Amino acid sequence: MSADPPTRTLQDALASVRSKNAGPFTVTFDLFFSDRETFLDVIEQQVLTKEVVGALYGLEPDRVRIFEFEPALAIKVSVPRLVPGGSPGDSDVAGGQQFVPLLDIPLR
Amino acid sequence: MDPGTLSYLSIGSLGTGFGEESLERGLALGIDFIGADAGSVDGGPQALAGGPPAWSDAAYRRDLSLLLRASRRAGVPLLVGSCALSGRDWGVDYFADMARSIAEEFDLHFSMTRIYSEIEPELVVERLAAGRVHAIDPAPPYDAERARRSSRIVAVMGVEPFQRALDEGADLVLAGRATDTAIFAAIPLARGFDPGLTWHAGKIAECGTGSAEPRRRLDVLHVQLEKESFVVQPLADDLRCTPFSVAAHQLHEVADPFTLVEPGWTTDMRNVRYEAASDRSVRVSGSVAVPTTYTVKLEGVESAGFQRMFMLSVRDPTIVAAIDTWVSGIQSDIAIRCREVLGEGALEQCEVHTRVYGRDGTMGPREPITRFEGHEAFLLVDVVAPDQATCESASSVIWYAFMHAKSPGWRGGTTVAWPFTRAIHDIGEVFRFNVHHAMEVDDPLETFRLESEKVR
């Protein structure tokens with residue numbers, strides 16, 4: 001682990017996060033930014049990619065979906081759940097807490 | 001032809017409440033129907049499998065009673081989708097009994113149509129063989145054997161069963177499993193409103209004031225459809241719709257915010273516009289819907305076995321400092337004792353889930369922090385076995401092994417802490433969703449059964 005963590009991460013740029021199932025097999029994260037400048041800056045930095053998210057969630061990049069949604073100044077990230085919602089072995093039936101690994105993505 | 005305007009109310013989620021005053025304000029605006037979604041799969045498979053719905057009898061009755069009286073007073077239909085959470089046949093009957101009882105209490109008279117959405121696994125088997133069942137990515141493996149393992153399957157209805165019920169004169173439609181949006185699209189589509197706008201409006205409306213701010217408990221949303229746009233507004237004073245809050249709802253609980261797939265229609269929502277119509281209402285336009293091959297999504301559950309669970313905590317610093325090796329050190333005790341009690345191979349038929357809260361209890365393998373810190377840990381252990389007797393034996397063996405697991409620092413002294421005198425808790429039979437597929441049907445009504453009656 002680096003001795004000098006980045007000074008700014010995705011968490012610092014976010015105004016709000018919503019984390020929720022999209023059906024029993026997918027969990028989706030809506031990342032809202034506080035203003036257009038921040039939203040465009042995060043997109044321009046190209047730090048939120050399928051490869052980055054795939055590495056965080058243990059998935060091949062092509063299993064990750066990412067959408068930029070300008071009307072809500074948001075980026076949506078959708079990934080398959082580890083197990084279907086509510087199956088034995090699940091630890092987050094509605095998917096409300098699974099966004100956390102995204103918060104530490106470093107920003108310039 | 002210009003269809004004029006049409007307006008409706010959406011209360012959010014039946015059973016979670018709404019303001020009575022908001023409903024009254026909505027009626028005063030003059031509306032064409034009231035819609036209420038009651039469904040969700042967010043709570044997992046138990047409700048579809050046969051478990052109780054999410055909310056209490058009193059909570060459902062309060063909402064249904066207010067809505068039914070409002071709809072009768074206004075002389076407009078009330079459409080309820082996905083009765084009692086899962087939309088299984090029992091839920092439709094449960095709400096129907098409640099509606100009859102409310103009618104008696106308030107001397108209401110109306111036509112009621114129940115729409116049932118459970119289907120036989122053999123129909124799915126036949127469609128699988130014909131290549132007419134299509135995976136919705138990500139989907140689990142699915143075949144005839146898995147379809148036959150389902151203890152219950154529902155088909156998720158589109159607008160057509162609602163439209164048939166209304167054509168036959170229903171004042172109250174109690175539908176089994178339905179898409180959230182179909183509840184709100186049935187009447188506008190029948191009256192010739194633009195399909196893209198209609199489906200998009202249904203998507204925004206499905207959670208009531210989920211599309212308003214501030215985000216508090218759900219309340220009544222008013223939707224007005226026009227020829228080239230629709231307008232949404234909340235009816236409670238402390239809420240408002242802004243272009244931002246309404247746009248944000250386009251993202252709500254969908255994997256892809258630009259493509260709304262519904263039975264018989266796909267709506268492209270890439271080029272949508274959200275504009276303030278007032279300081280608390282928003283005008284929306286730009287969605288385009290195209291007809292597609294007619295399919296219904298399947299929701300099905302199969303048994304996963306029988307489950308029991310126990311919880312315990314450790315504060316002993318020598319256990320906490322070596323929590324991983326402490327847990328793994330217990331496993332051989334468990335294996336030996338399970339073999340003694342249940343015989344060779346019995347433990348291997350069980351799933352044992354050991355969640356260490358404070359370490360990765362919430363995220364499991366997706367927890368990015370691998371280092372464990374803190375002065376105590378909470379463990380939740382559950383056992384899933386093929387039958388109840390095996391589950392009882394295995395869970396008690398595993399519990400005993402944890403209770404007397406050796407402390408690495410004190411030469412085997414001490415025991416763990418647990419909070420209740422009944423240490424092991426029976427969860428009963430548990431299930432899993434086993435299908436995420438769309439099935440082609442010959443007719444939109446094929447998989448749905450309608451039953452109409454005059455109430456009182």
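In this predicted model, 44 residues of chain A are in contact with 41 residues of chain B. Put the two chains together and they bury about 3,500 Å², with 63% of that on carbon and sulfur atoms. On chain A, the residues losing the most area to chain B are Phe25(A), Phe69(A) and Pro88(A), which together make up 19% of what that side buries.

There's polar chemistry across the interface too. The rule picks out 3 salt bridges between chain A and chain B, and 11 residue pairs are in polar contact, both partners at pLDDT 80 or more. As for who supplies chain A's side, strands 1, 2, 3 and 4 and helix 3 of chain A each give two or more residues, and strand 4 gives the most, with 5 residues. Sorted by class, that side has 22 nonpolar, 12 polar and 10 charged residues.

Two atom-level distances, one from the interface and one from the start of helix 2 of chain A:

| Pair | Kind | Distance |
|---|---|---|
| Lys20(A) and Asp42(B) | salt bridge, N to O | 2.3 Å |
| Asp35(A) and Glu37(A) | side-chain oxygen to backbone nitrogen | within 3.2 Å |

Now for helix 2 of chain A, residues 36–45. Thr38(A), Phe39(A), Val42(A) and Gln45(A) are buried there. They sit on the same side of the helix because they cover an arc of only 135 degrees around the axis. These buried residues pack against helix 1, strand 2, strand 3 and strand 4 of chain A. On the face turned away from the buried side you'll find Glu37(A) and Glu44(A), both exposed. After the helix comes Gln46(A), with a positive phi near 50 degrees.

How values were computed. Residues are numbered from 1 along each chain as its sequence is written. Chains are lettered from A and ligands numbered from 1 in the order in which they are written. This is a predicted model: local features need pLDDT of at least 70, side-chain atom pairs count only at pLDDT 80 or more; totals for chains, interfaces and linings use all residues. Side-chain values use heavy atoms; hydrogens and water are left out. Contact means heavy atoms within 4.5 Å. Buried area is the accessible area (1.4 Å probe) that two parts lose on being put together, summed over both. A salt bridge is a side-chain nitrogen of Lys or Arg within 4 Å of a carboxyl oxygen of Asp or Glu. A polar contact is a pair of N or O atoms within 3.5 Å; within protein, one must be able to donate a hydrogen and the other to accept it, and residues adjacent in sequence count only if both atoms are side-chain atoms. Helices (H or I, at least four residues) and strands (E, at least two) are DSSP runs, numbered from the N terminus. Ala, Val, Leu, Ile, Met, Phe, Trp, Tyr, Cys and Pro count as nonpolar, Asp, Glu, Lys and Arg as charged, and the others, Gly among them, as polar. Buried means under 20% relative accessible area, exposed over 50%, partly exposed in between (1.4 Å probe, protein chains only). The arc is that of the directions from the helix axis to the C-beta atoms.
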